[in-house]
Amino acid sequence: MDHLTETWEINNRLNLYLLDGIAEAHLADALTSKGRNVGQQFAHIHNVRLMWLKVALPAALEKLEKIEKDAVTKKDLAQQLKKSGEAIAQLLTEGVKTGKIKGFKPHPTAFLGYLLAHEAHHRSQLILALKQAGHPVDKKIAYGLWEWGNK
């Protein structure tokens, strides 16, 4: 496995690790400044992945479903994030082989950077939403998000 794909897979495992540490009831927590709630943040991450797959590797969309923002459960989120994570890994593997990601410039490494920045941004938003709602992420999980070598 190439390093870009491996890095992506670590990122996806961190998303799933975070989701696993959140109580089902807390998926409804939202930032006090409005916006998406915690569950909707995870759904958005998944749905943006689908948007890129539609452009760059439509064949990988098979068995993937958009998550509607008001129909969010931990089980569905975990299943869909796992599937879309695998599909993005496939896209990155192909991108490394060809040197490009269709619809994205300049190259696959920058595409991975874009995806990581996007998903980290939304992880931060949902962590803040949980904190503002009085349900902060357990310290073990918060620190675990930085343990890339163990994930």
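**Reading the labels: rings, helices and a pocket**

User: Where do F111 and Y114 lie, and how many residues apart are they?

Analyst: F111 and Y114 both sit in helix α4, 3 residues apart, which is about one turn of the helix. Bear in mind that this is a predicted model. As for the turn, an α-helix has 3.6 residues a turn, so residues three or four places apart point the same way.

User: Happy to start with rings, then. How many aromatic pairs does a search of the whole structure find, and why is the pair F104 and F111 called what it is?

Analyst: The search finds 6 aromatic pairs. For F104 and F111, the ring centres are 5.2 Å apart and the planes stand at 70 degrees. Pairing asks for centres within 6.5 Å, and an angle over 60 degrees counts as edge-to-face, so this pair is edge-to-face.

User: And what makes F111 and Y114 stacked?

Analyst: Their centres lie 6.4 Å apart, with 20 degrees between the planes. The distance is within the 6.5 Å limit and the angle is under 30 degrees, so the stacked label follows. Together with W52, the residues F104, F111 and Y114 form one aromatic cluster.

User: How do you know whether F104, F111 and Y114 are buried or exposed?

Analyst: By setting each relative accessible area against the cut-offs: under 20% is buried, over 50% is exposed, and in between is partly exposed. F111 has 0%, so F111 is buried. F104 has 15% and is therefore buried as well. Y114 comes in at 31%, so Y114 counts as partly exposed.

User: How do you know that the length of α4 fits a helix?

Analyst: α4 has 25 residues, and its first and last C-alpha atoms are 36 Å apart. The expected span is 1.5 Å times one less than the number of residues, and for α4 that is 36 Å, so the two values are close. Just after α4, G134 has a positive phi of about 85 degrees.

User: Does α1 agree or disagree with its expected span?

Analyst: It agrees: the 18 residues of α1 should span 26 Å, and the end C-alpha atoms are 26 Å apart. Several residues of α1 are buried, including L4, W8, N12 and L14. The cover over the buried residues of α1 includes α2, α3, α4 and α5. For α4, what covers the buried residues includes α1, α2 and α3.

User: What makes N12 a buried residue, and what does it touch?

Analyst: N12, in helix α1, has a relative accessible area of 7%, which is under the 20% cut-off, so N12 is buried. Leaving out residues up to four places away in sequence, N12 touches R49, L81, K82 and G85.

User: Why is G85 called buried, and which residues does it touch?

Analyst: G85 lies in helix α3. With 4% relative accessibility, again under 20%, G85 counts as buried. Its contacts, with the same sequence neighbours left out, are W8, N12 and R49. G85 and L116 are 31 residues apart in sequence and 12 Å apart in space, C-alpha to C-alpha.

User: Now the loops. What is notable about the phi of K34 and of K63, and why are both called exposed?

Analyst: K34, in the loop between α1 and α2, has a positive phi near 80 degrees without being a glycine. K63, in the loop between α2 and α3, is not a glycine either and has a positive phi of about 75 degrees. The relative accessible area is 66% for K34 and 65% for K63. Exposed means over 50%, so both residues qualify.

User: What kind of peptide bond joins K105 and P106?

Analyst: A cis one, with omega at about 15 degrees. P106 is found in the loop between α3 and α4.

User: Last one: what lines the largest pocket, and what is its make-up by class?

Analyst: The largest pocket has a volume of about 220 Å³. Its lining consists of L14, A120, R123, S124, I127, A142, L145, W146 and W148. By class, that is 7 nonpolar, 1 polar and 1 charged residues. Helix α4 gives the most to this lining, with 4 residues.

How values were computed
Residues numbered from 1 in each chain as written. Predicted model: local features only at pLDDT ≥ 70, side-chain atom pairs only at ≥ 80, totals over all residues. Heavy atoms only, no water. 1 Å grid on protein atoms, 1.4 Å probe; cavity = no way out; pocket = protein on both sides within 12 Å on 5 of 7 lines; lining within 4 Å. Points joined across faces, edges and corners; volume = space filled by probe spheres on them. Helix = DSSP H or I, 4+ residues; strand = E, 2+ residues; numbered from the N terminus. Nonpolar A, V, L, I, M, F, W, Y, C, P; charged D, E, K, R; others polar. Buried < 20%, exposed > 50% of the residue type's maximum accessible area, 1.4 Å probe, protein only. Contact = heavy atoms within 4.5 Å.
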